[in-house]
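Subject: Structure handover

Dear colleague,

I am passing on the structure we spoke about, and I would be glad if you could look through it alongside the notes below.

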Amino acid sequence: EPLGSQMALRTFDNILQYCEINVRRAVPLALGLLFASNPSMDVMETLSKLSHDSDEHISQNAIFALGLIAAGTNNSRVAKLLRQLAVFYDKEPDHLYMVRISQGLLYLGKGLLTLNPFFSDGLLLSQTGLAGLLIVVTAALDMKHTLLSDLRHFYCFLDDGHAAKDDRH
């Protein structure tokens, strides 16, 4: 719902300004979960700023969240931003890997698939889709030991949540 999303955005802004670093690391992932396959300009700008953060966990989570919010949309603004991030993080393999994963999510199904767990105009929720997103986002909280290490098979849980845009379940 739009009103709840705006309230959550304001709360996340306050968390980014006033909370300690461990809490701030979860904000990009929460934004990615809240706006999955639904890119918003405000969220893109916030994640773009966070993708250049000095803390590597925040920047990696922001890059991954960019892929989540733009999953299956072929959004040209996010595509341009991810290309710029690929050049910026050319010498850092973990960041570059997350950029490549996000680019793959952006072009999910050549724009015909979505990761949004809501369907029927937002009235119904796919529990398996939400579970797949939650598993991957929870694993991304400790990205260095899960998604960036030998546990890369966690990305397969995103398969539970993808569906055709016009024919959701």
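What follows is a short account of the core, two individual residues, the cysteines and the largest pocket.

Please keep in mind throughout that this is a predicted model.

I will begin with the interior. The largest nonpolar core holds 48 residues, and those that touch the most other members are L31, L47, F64, L82, L85 and L115. Two or more residues are given to this core by each of α1 (2-18), α3 (27-34), α4 (41-50), α5, α6 (76-88), α7 (93-106) and α8, and the largest share, 8 residues, comes from α5. As general background, nonpolar side chains in soluble globular proteins tend to be buried together. To take L31 as an example, its contacts beyond four places in sequence are L9, F12, V43, T46, L47 and I69.

Helix α5 spans residues 56-69 and includes A62, which counts as buried because its relative accessible area is 0%. Leaving aside residues up to four places away in sequence, A62 touches P28, L47, L50 and S51. A62 also lies 8.5 Å from V27, C-alpha to C-alpha, although 35 residues separate A62 and V27 in sequence.

The second residue I looked at is T146, which sits in the loop between α8 (127-140) and β4 (163-164). Despite this loop position, T146 counts as buried, because its relative accessibility of 13% is under the 20% cut-off. The T146 side chain reaches the backbone oxygen of A139 at 2.5 Å, and the residues that T146 touches, not counting those up to four places away in sequence, are A139, A140, L151 and R152.

As you may ask about cysteines, how many disulfides does the structure hold? The number is 0. C19 counts as partly exposed because its relative accessibility is 34%, and C156 is likewise partly exposed, at 47% relative accessibility.

Finally, there is the largest pocket, in which about 440 Å³ of space lies. Its lining is made up of 15 residues, and those nearest its centre are E1, S5, L34, N116 and F118. The elements that give two or more residues to this lining are α1 and α3, with α1 giving the most, at 3 residues.

With best wishes,
A colleague

Terms used
Residues are numbered from 1 along each chain as its sequence is written. This is a predicted model: local features need pLDDT of at least 70, side-chain atom pairs count only at pLDDT 80 or more; totals for chains, interfaces and linings use all residues. Side-chain values use heavy atoms; hydrogens and water are left out. A disulfide is a pair of cysteine sulfur atoms within 2.5 Å. Buried means under 20% relative accessible area, exposed over 50%, partly exposed in between (1.4 Å probe, protein chains only). Helices (H or I, at least four residues) and strands (E, at least two) are DSSP runs, numbered from the N terminus. A polar contact is a pair of N or O atoms within 3.5 Å; within protein, one must be able to donate a hydrogen and the other to accept it, and residues adjacent in sequence count only if both atoms are side-chain atoms. Contact means heavy atoms within 4.5 Å. A nonpolar core is a set of buried Ala, Val, Leu, Ile, Met, Phe, Trp, Tyr and Cys residues joined through side-chain atoms within 4.5 Å. On a 1 Å grid over the protein atoms alone, a cavity is a set of points where a 1.4 Å probe fits but cannot get out, and a pocket is an open set with protein on both sides within 12 Å along at least five of seven lines; lining residues have an atom within 4 Å of a point. Grid points are joined across faces, edges and corners, and a volume is the space filled by probe spheres set on the points.
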